[in-house]
Amino acid sequence: MTEGEHAAQRTETGDTVDPLLRAIGRQIKFLRERAGLTQPELGERIGYGVDLVSSVERGRRAPKPQFIDGVERVLDARGLLKAVQDDIERSVLPARFRDFARWEKDAASFYSYAPLTVPGLLQTEEYARALIRGHCPPLEDDTIEDRVAARLERAHIFDDHSAPVTSFVIEEAVLRRPVGGRAVMRAQLDWLLDRAKLRNVSLQVMPTSRWEHNGLLGPITLLETKDGRLVAYTEAQGVSSVITERTAVRVYAQRHGIIRTQALDTEESARLVEQLAGDL
C-alpha cells in the first residue's frame, strides 16, 4: 500500500537522529558561533547546562520552548526557531506517529480500540514510562523522558473547553497485565476510572470471555477533525498506517462500531476496572 493510495505507512526500527532536530541543531550552532559564544557561554546565558546545549546542537535532544525562547533572545534569531516550534514538539514523538498527531490536536471526536496497551491519551506518567523503557532496541534515557513528556502533553486535549468527544474500548487482558508493577498498574486503573467520569469520555472493556468480536485484526484509532476530515490510524510492531481515504476509513468506523456493541457497557466496565484495581 502506498501513500498514493489510501494509506501513508511509517516504520520505526531504532533510535536515530531525527533530520529535523539535526537541522535545528545546526542552525543553533551557526547562530551561536556567529555571536562568538561557546557552548558553556550560551548555556549560562539561557539557563541551561553545556551538556544540554551540546545535545541539542548534535540533534540528540529536542529543545524545549523555554530553550528556544532563550536562544531567540540571546542569539537574535528573529523568529527563525519559533517558526518551526510546533514541528520541534512533534519530533519527540515516534516517527511513525507524527502524521496522525497533527490531526489528533484538532480532533472533534476520537475513537479507539486498544487490544495491547492502555491508549496513550489515558496513560499515567509511570505507565507510559514503563512502556517506553521497554522499547527494543533500548532508547537513550533522554529520549525516554522526552517521549514520556510528549505523551502526557497529548492528554491536554481533555483540558480544553472544546475537548473532543471520545470513546475507548480496551481489552480486559490489557487491564490485567501489571505493566510497571502492581503499584503502577493500580494507579493506572484508578486513573482510568477518573477519566471515565468526564462527560466527553466513554470507556468500555472488551471481556476476554467474548469469543467472537471484530477486534481480532488489531488496534484501531479513528478521529474526525473540527473541519470534518476523517482519519484512521493502525499500528503493529513499529509499522503504522495513517488512512485518509473516506471509503477505507468507513470500514474501520464500521468495525469500531461493532466492537463497541460487543464490549461491556460503561457501567459494567467501570465495575470490572474497580474489581481489577482492588485485586492489586
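Trainee: Leaving aside its neighbours within four places in sequence, with which residues is Gln27 in contact?
Mentor: This is a predicted model, and in it Gln27 has its place in helix H1, which covers residues 19–34. Once the neighbours within four places in sequence are left aside, the residues in contact with Gln27 are Leu80 and Leu81.

Trainee: How many Å apart in space, C-alpha to C-alpha, are Gln27 and Leu81?
Mentor: In sequence, Gln27 and Leu81 are 54 residues apart. In space, taken C-alpha to C-alpha, the separation of Gln27 and Leu81 is 8.5 Å.

Trainee: Does Gln27 count as buried, partly exposed or exposed, and what is the reason?
Mentor: Buried would require under 20% relative accessible area and exposed would require over 50%. Because the relative accessibility of Gln27 is 29%, Gln27 counts as partly exposed.

Trainee: Which term describes H7 relative to H8, given how their axes cross?
Mentor: The axes of helix H7 (residues 125–133) and helix H8 (residues 141–154) come within 9 Å and cross at roughly 140°. Since only angles over 145 count as roughly antiparallel, that crossing makes H7, relative to H8, oblique.

Trainee: How many residues of the contact of H7 with H8 are charged?
Mentor: On the H7 side the contact includes Glu125, Arg129 and Arg133, and on the H8 side Asp141, Glu145 and Arg147 are among the residues met. The residues of this contact divide into six nonpolar and no polar, and the number of charged ones is seven.

Trainee: How far apart do the C-alpha centres of domain 1 and domain 2 lie?
Mentor: Domain 1 spans 19–90, while domain 2 is made up of 94–122 + 154–279. Between the C-alpha centres of domain 1 and domain 2 the distance is 36 Å.

Definitions and conventions. Residues are numbered from 1 along each chain as its sequence is written. This is a predicted model: local features need pLDDT of at least 70, side-chain atom pairs count only at pLDDT 80 or more; totals for chains, interfaces and linings use all residues. Side-chain values use heavy atoms; hydrogens and water are left out. Axes are lines fitted to C-alpha atoms, for helices over the stretch in contact, and angles run from 0 to 180 degrees between N-to-C directions. Helices (H or I, at least four residues) and strands (E, at least two) are DSSP runs, numbered from the N terminus. Angles under 35 degrees count as roughly parallel, over 145 as roughly antiparallel, 65 to 115 as roughly perpendicular and the rest as oblique. Contact means heavy atoms within 4.5 Å. Ala, Val, Leu, Ile, Met, Phe, Trp, Tyr, Cys and Pro count as nonpolar, Asp, Glu, Lys and Arg as charged, and the others, Gly among them, as polar. Domain bounds come from an automatic or database domain assignment. Buried means under 20% relative accessible area, exposed over 50%, partly exposed in between (1.4 Å probe, protein chains only).
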